[in-house]
Amino acid sequence: MRKVYEGKTKTVFALENGNYRLVFKDDVTGENGVFDPGANQVGLSIEGIGKENLRVSAMFFEMLEKEGIHTHFISADIENGTMDVKPAKPFGKGLEIICRFRAVGSFLRRYGTYVEEGDKLNGYVEATLKDDEKGDPLVTVEGLEVLGIMSAEQFAEIKATTQKIAALISEFLQKKGLELYDIKFEFGTDKEGKVILIDEISSGNMRVYKEGKVMDPLDLTKALLSD
């Protein structure tokens, strides 16, 4: 294997067969030791959370595959904390797509003049450029086009897919008595130029509330994997 990228929560290796291997870490994003899926820095480490995030990601990718949603997922090795994925080209230097059901986090900080915490947002989708130094700035569809990152047609496809995936995960959580407030995804294109879901789907990518209180990543992961 050849290391190609050292991320905040995963290390990426290139395999000889042309695929890639993601090695999950025990780090989660946040600030001042508090978990925050919207943060652009590692906030804390939780022993064992890497393998648990892998379990959750594998579960959701397999669920999406059954729904006919294209992803980069091939297989997972839980014992070794790795996931093998198809090669994919990210949009620009990385783009995060956030689906929001309620106003919290950075959305509330930006638009608190117009909304109260917890106001319903009905699956609102927004995009941010992955740029830690600039605080992951928001970007419009027109901005994505003029910057040459993606076309309006690609964004429309990504928006529809994001809302479909988020709805499926929200429904999954509702059955456990939990509510999804927001979730972030990453997309790329495969060798044929088809848009596919990439990265991971785990507790570190979403805000989930139980009885009006946000769940920490470890408790959420346990709830996601419970029968």
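This section describes salt bridges, the largest pocket and selected residues in a predicted model.

Salt bridges come first. The count for the model is 15. One of them joins the side chains of Lys-25 and Glu-6, with an N to O distance of 2.5 Å. This pair links distant parts of the chain, 19 residues apart. Lys-25 sits in the loop between β3 (20-24) and β4 (27-31), whereas Glu-6 belongs to strand β1 (residues 2-6). Glu-6 has a relative accessibility of 42% and therefore counts as partly exposed.

A second salt bridge lies within a helix. The side chains of Glu-52 and Arg-55 meet at 3.0 Å, N to O. Both residues are in helix α1 (residues 49-66). Their spacing is 3 residues, about one turn of the helix. Glu-52 is partly exposed, because its relative accessibility is 24%. Arg-55 is also partly exposed, at 39% relative accessible area.

Another salt bridge connects two strands. Glu-96 and Lys-184 meet through their side chains at 3.7 Å, N to O. Glu-96 is in strand β10 (residues 95-102), and Lys-184 is in strand β13 (residues 179-189). The two residues are 88 residues apart, so the pair is described as linking distant parts of the chain. Both partners are buried. Each therefore falls under 20% relative accessible area.

Some charged residues go beyond simple pairs. Arg-100, Arg-110, Glu-126, Asp-182 and Arg-207 form a network linked by salt bridges.

The largest pocket was examined next. Its space amounts to about 1000 Å³. The lining comprises 39 residues. Those closest to the centre of the pocket are Tyr-5, Val-12, Lys-130, Glu-186 and Asp-199. Several elements give two or more residues to the lining: β1, β2 (10-14), β3, β4, α1 and β13. By class, the lining holds 14 nonpolar and 14 charged residues, along with 11 polar ones.

Asp-199, named among the residues closest to the pocket centre, has a backbone feature of its own. Its phi is positive, at about 70°, although the residue is not a glycine. Asp-199 is found in the loop between β14 and β15. With a relative accessible area of 18%, Asp-199 is buried. The cut-off for buried is under 20%, so the value of 18% meets it.

Glu-211 also has a positive phi without being a glycine, here of about 55°. Glu-211 is placed in the loop between β15 and β16 (213-214). Its relative accessibility is 75%, so Glu-211 counts as exposed.

The loop between β14 (195-198) and β15 (206-210) also holds Ser-202. Ser-202 is buried, because its relative accessible area is 0%. The side chains of Ser-202 and Glu-200 are joined by a polar contact of 2.5 Å. Beyond residues up to four places away in sequence, Ser-202 touches Asn-53, Val-56 and Ser-57.

Lys-93 lies in another loop, between β9 (89-90) and β10. Its relative accessibility of 85% is over 50%, so Lys-93 counts as exposed. Lys-93 and Lys-130 are 37 residues apart in sequence. In space, their C-alpha atoms are 6.9 Å apart. Lys-130 is one of the residues closest to the centre of the largest pocket.

Ile-97 lies in strand β10. Its relative accessible area is 1%, so Ile-97 is buried. Apart from neighbours within four places in sequence, Ile-97 is in contact with Val-125, Glu-126, Ala-127, Phe-155, Ile-158 and Thr-162. Further contacts of Ile-97 are Ile-183, Lys-184, Phe-185 and Phe-187. Among these, Lys-184 is the salt-bridge partner of Glu-96, and Glu-126 takes part in the salt-bridge network. Leu-138 is 41 residues from Ile-97 along the chain, and the C-alpha atoms of the two are separated by 10.0 Å.

How values were computed. Residues numbered from 1 in each chain as written. Predicted model: local features only at pLDDT ≥ 70, side-chain atom pairs only at ≥ 80, totals over all residues. Heavy atoms only, no water. Salt bridge = Lys/Arg side-chain N within 4 Å of Asp/Glu carboxyl O. Helix = DSSP H or I, 4+ residues; strand = E, 2+ residues; numbered from the N terminus. Buried < 20%, exposed > 50% of the residue type's maximum accessible area, 1.4 Å probe, protein only. 1 Å grid on protein atoms, 1.4 Å probe; cavity = no way out; pocket = protein on both sides within 12 Å on 5 of 7 lines; lining within 4 Å. Points joined across faces, edges and corners; volume = space filled by probe spheres on them. Nonpolar A, V, L, I, M, F, W, Y, C, P; charged D, E, K, R; others polar. Polar contact = N/O pair within 3.5 Å; in protein donor to acceptor, adjacent residues only side chain to side chain. Contact = heavy atoms within 4.5 Å.
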